[in-house]
Amino acid sequence: MAFLEVLKNILDTLGSVVIVPVMIFIIALFMRVPVKKAFISGLSIGIGLEGFNLLIGSFSGVIAPVVQRMVDVSGINLPIFDIGWQAGAMIAYSTNIGLLFMGLCIALQLLMFATKFTNVFQATDLWNNYSYMIYGSMCYLVTKNFWLSFGCMLVLLLFTTVCAEFISRRFANYYGYEGCTVSMLHIAGDAPYAFFMNWLLNKFGLYKIKADPTTLKKRLGFIGDPMVLGAIVGLILGISGNFDRMLTLEGLGSILTCTIATSAVMTIFPKIASIFAGAFTSITSAARKNAKGKDMIISVNDATVYGETAGLTTGLICMPIILLLAFILPGNKVLPVLNLVAIPYGMLTFISMSNGNIVKSVISALGKLILTLYISTLIAPMFTQIALSVGIEIAAGLTLVTAWGSVDHPIGIAVMYAFISGNPLIIGGVIVADILFYVLFKKNKNKILDFVEKEAYRGMEDVTDNVSVDAA
């Protein structure tokens, strides 16, 4: 365990802003990229990540008080408090079973890529392995069984590996990150559901509603500009959190600050994203050249697309809606607070599958967010126990906590409870289903991805029948 403790200390001390650029530099050299270009790629990644962190941190500082006021003004008491995704990550990296899987997971991801089990290079996004580790940690808390806990995480890794390939072409085509994808359970794991919802909503004719950023800008004129659209959404959020004092100087200041901050994020973020995206150009070009026609897809952090107009707009619209639903849904006991401002992160799959259609994305995302409220209600006692066991301090007056939106993925919970049951038939069924998912996808990959593209572009007259590209 000494090596794992050292690895944890390195990750905690240096952080992704340092670790990821170093890894990208090494990968670039391995791909035979010239040293100068490899250095620029790594440096650009670091600049992009730091830019993301600075902007998101500043924006969260503006939005969080507005959200908290929405909660305070409502006066409704829900007993399970959301303490944020950071708590889930801390738990994952604070348990021995989580750390052990972290070390083995890196080796497995490299092995899967080296043996062409997958063409996704996942080791570039080490931090988000916590999305498997948290479920294994909770499984171990209940069972005290290493093999059951490890098996739980391994099944989730395989599932997410398939999902990363499933979304790779959509991610590349919509966001413009050629040869890239995302490979964390809480984001990529939504891909099958997001695709199904997009297909279903298309059947109901919602593809006829042109609600993507480009169309909105054309039809709404200056109102559809991301800068102005951000200001409008920010104004609505600001008023929602300051409705009881909007005619006071303090309330007006909060509303206008929220308005400008939201507009700033939508305006500045794409500029930072372009720096980040440019870092992968030399690597993907070299990878394609060295792979002799076989594709290499690099996993990138979900923060790379935070701030994209459709995704941020969808997330901001969902914030007040899901908060209101949390108050009125029968059986829900979760008060979403700290992770409420992180909702735009989770819009990636819904936006890409709908090709930027904000209406379809809001509907699809709300379906998943509602489900996670109930799942968090279910697992709160377990999560609270493990949080206390690793030293997370819970504020006085709180009896149950959760990390809503990050430790309640439907597939993650289903697999975790299957292994907690200890029933060989249930566990065997989950493993078989996981393997079948992989085999069927691999066997029909091109057909599936072509169909996904056609559904994403449905209703767009300038798209031909042949939408297959080399991004996946």
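How much accessible surface does the chain have, and what share of it belongs to carbon and sulfur atoms? The accessible surface adds up to about 19900 Å², and 68% of that belongs to carbon and sulfur atoms. Keep in mind that the model is predicted, so a look at its confidence comes next. The pLDDT averages 81 over the chain, and 81% of the residues reach at least 70. One stretch to treat with care is residues 463-472, where pLDDT stays under 50. For that stretch the model has 25 contacts beyond four places in sequence.

Now for the overall build. The chain holds 19 helices and six strands. Of its 472 residues, 56% are buried. The contacts reach a long way along the sequence: among those between residues at least 6 apart, 82% join residues at least 24 apart.

Two open sheets come up here, and it helps to take them in turn. In one of them, three strands line up in the order E5-E1-E6, with parallel pairing. Strand E5 (334-335) and strand E6 (400-402) sit at the edges with a single partner strand each, so one side of each has no neighbour in the sheet. Strand E1 (residues 80-82) runs parallel to E6, and three bridges join the two. Across from Ile80 stands Leu400 in E6. A helix goes with this sheet too: H16 (residues 358-389) lies across E1, E5 and E6, and runs at about 120 degrees to E6.

The other open sheet also has three strands and parallel pairing, in the order E2-E4-E3. Here E2 and strand E3 (180-181) take the edge places; each has a single partner strand, so one side of each is left without a neighbour in the sheet. E2 and strand E4 (residues 297-299) run parallel and are joined by two bridges. Within this pairing, Val120 has Ile297 in E4 as its bridge partner.

What about the length of a helix? Take H6 (residues 130-143), with 14 residues. At 1.5 Å a residue, this helix should span 20 Å, and its end C-alpha atoms are indeed 20 Å apart, so the two values agree. H6 is also mostly covered, with 11 of its 14 residues buried. Among those buried residues are Tyr130, Tyr132, Met133, Ile134, Tyr135, Met138, Cys139 and Leu141. Gly136 and the serines Ser131 and Ser137 are buried as well.

Finally, a few backbone angles deserve a look. Most residues other than glycine have a negative phi. Lys144, which follows H6, has a positive phi near 60 degrees. Lys116 is not a glycine either, yet its phi is positive at about 65 degrees. This lysine, Lys116, lies in the loop between helix H5 (96-114) and strand E2 (120-121). Asn355 is another residue other than glycine with a positive phi, near 55 degrees, and its place is the loop between helix H15 (348-353) and H16.

Which of these two loop residues is buried and which is exposed? Lys116 has a relative accessibility of 57%, so it counts as exposed, the cut-off being over 50%. Asn355 has a relative accessible area of 10%, so it is buried, the cut-off there being under 20%.

Methods:
Residues are numbered from 1 along each chain as its sequence is written. This is a predicted model: local features need pLDDT of at least 70, side-chain atom pairs count only at pLDDT 80 or more; totals for chains, interfaces and linings use all residues. Side-chain values use heavy atoms; hydrogens and water are left out. pLDDT is the predictor's confidence in each residue, from 0 to 100. Contact means heavy atoms within 4.5 Å. Helices (H or I, at least four residues) and strands (E, at least two) are DSSP runs, numbered from the N terminus. Buried means under 20% relative accessible area, exposed over 50%, partly exposed in between (1.4 Å probe, protein chains only). Accessible areas come from the Shrake-Rupley method with a 1.4 Å probe; for residues, only the protein chains shown count as cover. The expected span of a helix is 1.5 Å times one less than its number of residues. Two strands pair if DSSP finds at least two bridges between them. Axes are lines fitted to C-alpha atoms, for helices over the stretch in contact, and angles run from 0 to 180 degrees between N-to-C directions.
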